[in-house]
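Student: I have a structure open and would like to go through its fold. Can we take it piece by piece?

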Amino acid sequence: MSLPSHYSVIFSFRRSTSWVYSVLAQSVAVVLLLSTGCHVSQTKRPRPISEGSVQSLRLELPPSLEHERSEYESEVLKGLDEVANFFRSSGFELPSQKLIESVLVFDSSSKGREYMVREYGAPLKSIPETFSGTVEGRRLLLVSHESYREIWRKLYSEWPWTDKTYHQLIVHELAHRAHEAISISRFGSADAMGPPWFFEGLAVVCAGQFETDQPPMSREEMEKQVGLGRTPKASYPLYGRIVRSLVAEFGMKTLIPKASEQGFPEILWSNQVMHKPGKK
Ligand SMILES: [Zn+2]
């Protein structure tokens, strides 16, 4: 689905990433809003984002959720640490500038959608009714725990809701923001996040969503899904499974820098073949 022309300049660098930022939804309605840019500075010395930076996090809650402020706050802070650890363990220290400055929680999807229309001028119909969360610049937008639970029941009835499910939404969205920050600071552009199936799968893996005991997919299965530049039908469980399968074989450290290269993911196997003869 292409973007209306008047969006093309503002959202051009996010063209490929647009829909995904917002929803943990089955329908891949394209979400046009999204960040108008990200200002990750070129800092010299990376340091963990949790050091000092999250103290100033601004949390905006609807009055009905004020009594849960400390819970929301700790979920987000915990999520920030988890995301930093995830990327660090893959060899990518986050840029020192804080990932997010504020968190807005809506008590329903419709409130969140209205906000995005108002704030970013996105057409309402472009935002799925199951909108759950997104990161917009340094602002994390989330529906409430209870709203998300309802959305989850509708979309993922075969996946049980657990104590971790809401937290995983937070981590998923923060993972996108961290991935974007790393892509810009290390590779010069958010396009380095790679194809949607990859950066969505990465966020799913980072958040520990849709885990199963299925064995990794075979190379043939993966090529059928994402070979030759294919994008499979939008499915977070599938994207997660593909990325988990690739991680099992190559490691996230290899995948992140390769994700935006021409011929990804096939190049992974061709490199492997090329390198084999020299290996003991
Ligand atoms: Zn996502």
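Tutor: What follows goes through the elements, the sheet, the helices and the core of this predicted model.

Student: How many helices and strands are there in the protein chain?

Tutor: The protein chain has 10 helices and 4 strands. Read from the N terminus, the order is α-β-α-β-α-β-β-α-α-α-α-α-α-α.

Student: And what share of the residues is buried?

Tutor: 40% of the 280 residues count as buried. As for contacts, take those between residues at least 6 apart in sequence: 74% of them join residues at least 24 apart.

Student: OK, the sheet. In what order do the strands come?

Tutor: The order is 1-2-4-3, in an open sheet with mixed pairing. Strand 1 (58-60) and strand 3 (133-136) are at the edges; each has a single partner strand, so one side of each has no neighbour in the sheet. On average, neighbouring strands are turned by 15 degrees against each other, direction ignored.

Student: How do strand 3 and strand 4 run, parallel or antiparallel?

Tutor: Antiparallel, with 4 bridges joining strand 3 to strand 4 (residues 139-143). Within that pair, Val 135 stands opposite Leu 140 of strand 4.

Student: Which strands does helix 2 touch?

Tutor: Helix 2 (residues 69-89) packs on the sheet and touches strand 1, strand 2 (102-106) and strand 4. The direction of helix 2 makes about 130 degrees with that of strand 1. Helix 5 (residues 165-187) also packs on the sheet, touching strand 3 and strand 4, and its direction makes about 30 degrees with that of strand 3.

Student: Back to helix 2. What span should its 21 residues have?

Tutor: At 1.5 Å a residue they should span 30 Å, and the end C-alpha atoms are 30 Å apart, so the two agree. Just after helix 2, Gly 91 takes a positive phi of about 90 degrees.

Student: Which residues of helix 2 are buried?

Tutor: Tyr 72, Val 76, Gly 79, Leu 80, Glu 82, Val 83, Ala 84, Phe 86 and Phe 87. Their cover includes strand 1, strand 2, strand 4, helix 5 and helix 6 (196-207).

Student: Take Leu 80. Why does it count as buried?

Tutor: Because 26 other C-beta atoms lie within 10 Å of Leu 80, and the cut-off for buried is 20 or more. Leu 80 is also 9.0 Å from Ile 100, C-alpha to C-alpha, with their positions 20 residues apart in sequence.

Student: Now the largest nonpolar core. Which residues have the most contacts inside it?

Tutor: Val 83, Leu 174, Ala 175, Ala 178 and Cys 206, in a core of 58 residues. Helix 5 supplies the largest share of this core, 10 residues.

Student: What is Val 83 in contact with, leaving aside its neighbours within four places in sequence?

Tutor: Val 83 is in contact with Val 171, Leu 174, Ala 175, Ala 178 and Cys 206.

Student: Last topic: at what angle do helix 6 and helix 8 pack?

Tutor: Helix 6 and helix 8 (residues 236-250) pack at about 85 degrees, and their axes are 7 Å apart. That angle makes helix 6 roughly perpendicular to helix 8.

Student: And which residues meet there?

Tutor: On the helix 6 side they include Trp 197, Phe 198, Leu 202 and Val 205. Among those of helix 8 are Tyr 236, Tyr 239, Ile 242 and Arg 244.

Methods: Residues numbered from 1 in each chain as written. Predicted model: local features only at pLDDT ≥ 70, side-chain atom pairs only at ≥ 80, totals over all residues. Pairing = 2+ DSSP bridges. Helix = DSSP H or I, 4+ residues; strand = E, 2+ residues; numbered from the N terminus. Axes fitted to C-alpha atoms, helices over the stretch in contact; angles between N-to-C directions. Contact = placed C-beta atoms within 7 Å. Buried ≥ 20, exposed ≤ 12 C-beta atoms within 10 Å, placed from the backbone. Expected span 1.5 Å × (residues − 1). Core = buried A, V, L, I, M, F, W, Y, C linked by C-beta atoms within 7 Å. Parallel < 35°, antiparallel > 145°, perpendicular 65-115°, else oblique.
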